[in-house]
Amino acid sequence: LALLSEERLELREVSLVPRYGDFEYHRQIGFQTDVAKVHIPEVIFHKLNVEKLMGGEMLEAQSVTVTGAQADVFRDKRFAIKPDVIKGMPQELMMNAQFGVKLDSLIIQNAQVTYREFPETGMVPGELGFTHLNAVLTPVVLAKTPQSYPLSSSTLKANALMNGQAPLSLEGNMFFQAPYPIQLVAEVGEF
């Protein structure tokens, strides 16, 4: 469901689910990859520039609030890593996106992320979970080319419960100059 007013867009019950299950997806691809299932009850774009969005220019808004997101990510490490794949830092990906995005802030409220991994030599998948996840990334810019990238850094603040027990807090800065460093300070409480 999508509701659009002058400067506000609400999306409800957004789901991204792969066509195949976790194990079949890996068999189809033939290499290690992350298989993600995501459900987001509510996404709100505040002070959205509707003209730029409808004109196909870019998504520009004061903020985007994602509430109640649930993500389940699975990787089967029994498959080989795809050769010649070089994964860039997040900043590099933001500077070379397929579309333009400009936000003062991305706000995540009460999310849950579960990462499951089938080990190379194990019998069952292991699991790491983050619940009550709240985060703010500010500012957020995705650009089509690095030459037009306007930021020197972005700030991330987050907190969650790791495996439903240990309080986790994180603060950091991402810098947009090679070699794209990320400075993080994290604290984990007792399990």
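This is a short tour of one predicted model, from its strand pairing to its largest nonpolar core.

The model is predicted, with local features needing pLDDT of at least 70 and side-chain atom pairs counting only at pLDDT 80 or more, while totals for chains, interfaces and linings use all residues. Residues are numbered from 1 along each chain as its sequence is written, and side-chain values use heavy atoms, with hydrogens and water left out.

Select strand 6, residues 101-118. Helices (H or I, at least four residues) and strands (E, at least two) are DSSP runs, numbered from the N terminus. Two strands pair if DSSP finds at least two bridges between them.

Add strand 4, which runs parallel to strand 6 and is joined to it by eight bridges; Ser 63 has Ser 105 as its bridge partner there. Next, show strand 5 (residues 70-76), parallel to strand 6 over seven bridges, with Asp 76 opposite Phe 118.

Now turn to the antiparallel partners. Strand 7 is joined to strand 6 by nine bridges, and Leu 106 faces Leu 137 across that pair. Strand 8 pairs with strand 6 over three bridges; look for Val 101 opposite Leu 142.

Finally, select Tyr 149 and Phe 176, which touch the most other members of the 26-residue largest nonpolar core. Such a core is a set of buried Ala, Val, Leu, Ile, Met, Phe, Trp, Tyr and Cys residues joined through side-chain atoms within 4.5 Å. Buried means under 20% relative accessible area (1.4 Å probe, protein chains only). Elements giving two or more residues to this core include helix 3 (90-95) and strand 6.

Technical notes:
Buried means under 20% relative accessible area, exposed over 50%, partly exposed in between (1.4 Å probe, protein chains only).
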